Amino acid sequence: GGGGHTDTMLLASYDVTNQKATVMSIPRDTMVNVPWDVKKINSVYLHYGGGDRGIQHLYKEVSQLVGFEPDYQVVVEWEAVGKLVDAIGGVWFDNPYHMEYYDPTQDLNTYQPKGYRQIFGDDAMQIVRWRKNNPGVSGGGGGSDIDRLKVQHLFLKAVLEQTLQIQNLFRVGQLIDLFNSRVESDLDVEGMLWFAQSAVFGGLKVDDVEFCTMPHGYSSYYQFGRDWDFVYPAQGELLTVINEKLNPFVEQVTIRQLDLMSPVGDGSLRSSTGRLADPGLGEVPVRETPEPEESEALESDPLESGEAA
């Protein structure tokens, strides 16, 4: 998280019996069916004042995207990721992009070369928070939120690989102490220990953990005199991911259980439920174009003033 907005949302489903796990990122610009102006999923938590109320409403929006509510929530500030990496003794990571971004107003200084090396606390935080390079600095990434999610998936996979090698329960205990002091969660110590033991002693392999991003498309809508860009779920592909990888229940999730926003070719939007929280989005937008003043129009058009073109 950062600045109160839920910056990176990961939905994890862990099948203990078969030792398989799927972690799906929900892009922060995913459009949700809500009545307020900025209809992106990362605005939900803050819109409802954060805390427990914010989380409950965020749960509801997540359930509209995937058909079930998460059992537990874990809220991690990026600072804790640096501490976690130090607690496991650093992590070997092949950084896919050259990252260079300086912004004194946000106190952001990122310099992370491309390539394979051992990463510790502050470097880890720079890598997972990186979004784009300063103008004129090429690094291989397009600078989009999706590039950022790709980096986070690769990094978390490297962290997980290292963590799963920790057979020593004392170290696991240290990690749980760190979680308790730096991470907000409704998962208690016993629960954390149970999951940790299930993974370490149950033989969960990093290759059996799949990281993916919610299947999506890009679009924009016109409202309040401007265009708003957003990400929307690719419905068929998302249903496949839900039912084959995320859904913890035997019963299949169908589109009727979800509330997925999508663009209509004419500039209007629709929800898979048929109901829009902001009904205006269902209408074809009318763009306001300022009318030119008549005298200016005459002067600027040579044909009107009798001259040859």
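1. A good place to enter this predicted model is Val23, whose bridge partner in strand β9 is Phe211. The pairing around these two residues joins β2 to β9, residues 209-213, in the parallel sense and over 5 bridges.

2. Val23 also has a counterpart in another strand, since Ala12 stands opposite Val23 in β2. Here the strand in question is β1, residues 9-15, which runs antiparallel to β2 and is joined to it by 7 bridges. Strand β2 is thus paired with β1 in the antiparallel sense and with β9 in the parallel sense.

3. How many of the 7 residues of strand β2 are buried? The count is 6 of the 7 in residues 20-26, so the strand is largely enclosed by the rest of the structure.

4. The connection between β1 and β2 deserves a separate look, because the two strands form a hairpin with 4 residues between them, and Gln19 lies in that loop. Although Gln19 is a residue other than glycine, its phi is positive, near 50 degrees. Most residues other than glycine have a negative phi. The relative accessible area of Gln19 is 11%, which is under the 20% limit, so Gln19 counts as buried.

5. A second residue with a positive phi is Phe224, where the angle is about 55 degrees although the residue is not a glycine. Phe224 is found in the loop between β10 (216-223) and β11 (226-233). Is Phe224 buried or exposed? With a relative accessible area of 53%, Phe224 is exposed, whereas Gln19 is buried.

Definitions and conventions
Residues are numbered from 1 along each chain as its sequence is written. This is a predicted model: local features need pLDDT of at least 70, side-chain atom pairs count only at pLDDT 80 or more; totals for chains, interfaces and linings use all residues. Side-chain values use heavy atoms; hydrogens and water are left out. Buried means under 20% relative accessible area, exposed over 50%, partly exposed in between (1.4 Å probe, protein chains only). Two strands pair if DSSP finds at least two bridges between them.
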